[in-house]
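Me: I should like to learn how to read the surroundings of a ligand and the pairing of strands. Please begin with the ligand.

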Amino acid sequence: MKMLVTGGAGFIGSNFIRYILTKYPSYAVINYDKLTYAGNLENLRDIENHPNYSFVKGDILNTELLNHVMKGVDVVVHFAAETHVDRSIMGADAFVQTNVIGTFSVMEAARQNNVKRFHHISTDEVFGSLGAEGHFHEETPYDPRSPYSASKAASDHLVRAYYHTHGLPITISNCANNYGPNMFPEKLIPLFVTNLIEGKKVPLYGDGLNIRDWIHVEDHNRAVDMIIHAGKVGQTYCLGAMEEKTNREITDLILQKMGFGEEMIEYVEDRKGHDRRYAIRPYKAMVELGWKPQITFDQGIEQTINWYRDNPEWWKRVRSGEYQDYYKKQYGEKQGMTI
Ligand code: NAD
Ligand code: TDX
């Protein structure tokens, strides 16, 4: 099996590649990544010498390179994206380019090279914002509300259109908020944990009562593995661990586990258009694939806090952009470098 993973140097993609090569050491895995601020080969240092792993530095907008790399590939798992909602509010350009046009470009290459499966990684944010009641599921109508979620929704529609129009053998997963090791310290959990390690306050948006549904990255990746191997072509699977929490609850838990009090909370101006509540019911994946989340939020957050405590050099370097300078010096701006 030859697998092409786009965005494999990011948070979820790097954890996915490690998971796949551990479980299926005979699979050939190509990591195709542009190495934006969020992409980091340091995330895969422990497996970079694996005989079946290779890395190609490339933009998913580079159709020529993509077509070349796609030769003989059986399965594409498409993680590459711009992913931070706050950045999409500051400027949506890269989100439209990478998430919409980039997805189109990866799918075209997949179609031209007759891949056997194109799995598209998406988010529950495409469904919009819930009130106090209700849940997202596979039949929920799309209602994206941030530039990020709109770009992901657009890409989902394109992927489905390629299935209906061209018969591209696609699957899609719409997953809840992930957390775990190697998450860029701009998102809620790693930002708050690293701030506290440095003795800084944590910026809670608005009233702190917005709700997210949290899943450990390993549970997400186990589900993706099951979808690739046993999911039905043309289908969408909603994924989540049914761990709804207000941001204030998360903050209190982190503060308590790290030995701080609520004086470390700084309420700040709310995010523009801040979605109030996400909650997902992953029953289809549970019934059809026999998947179920295995890591409780309490276990997962403890492991995640410990990981950031044990790896300060990682998040300090990532945050400072030091890796970017390192890879630029090593590879220049050239694409197509393989290591
Ligand atoms: P991330 O920001 O940590 O990593 C994104 C990766 O994509 C980086 O390695 C980056 O270098 C790469 N990339 C970006 N633009 C590229 C381009 N033009 N060409 C090639 N590579 C490019 O993201 P993540 O949190 O790991 O998210 C991965 C996927 O999962 C995304 O599609 C995201 O929408 C989806 N998702 C994320 C979450 C979450 O909570 N983080 C939840 C549900 C779905
Ligand atoms: O400093 C902060 N303070 C704060 O209160 C940050 C960064 C966030 N928040 C709030 C906003 C959200 O209600 O915490 C919640 C989580 O925020 P993020 O970590 O930025 O995640 P979210 O906006 O929910 O989006 C994430 O989950 C779905 C990922 O970034 C997306 O890529 C994914 O698709």
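Reply: A backbone N or O atom of Phe-11 lies 3.0 Å from an oxygen atom of ligand 1, a polar contact being a pair of N or O atoms within 3.5 Å; within protein, one must be able to donate a hydrogen and the other to accept it, and residues adjacent in sequence count only if both atoms are side-chain atoms. For Ile-12, the corresponding backbone distance to a ligand 1 oxygen is 2.8 Å. A polar backbone atom of Leu-35 is 3.5 Å from an oxygen atom of ligand 1. Ligand 1 taken alone exposes 840 Å², of which the protein buries 97% (Shrake-Rupley method, 1.4 Å probe; for residues, only the protein chains shown count as cover).

Me: On what basis should I trust and number these features?

Reply: The model is predicted: local features need pLDDT of at least 70 and side-chain atom pairs 80 or more, whereas totals for chains, interfaces and linings use all residues. Residues are numbered from 1 along each chain as written, chains are lettered from A and ligands numbered from 1 in written order, and side-chain values use heavy atoms, without hydrogens and water.

Me: How many residues surround ligand 1?

Reply: A residue is near if one of its heavy atoms lies within 4 Å. Here 28 residues surround ligand 1, the closest being Ile-12, Asp-33, Thr-83, Tyr-148 and Lys-152.

Me: Which strand is the bridge partner of Ser-173 in?

Reply: Strands are DSSP E runs of at least two residues, numbered from the N terminus, and two strands pair if DSSP finds at least two bridges between them. Strand 6 (residues 170-175) and strand 10 run parallel, joined by four bridges; Ser-173 has Tyr-237 of strand 10 as its bridge partner.
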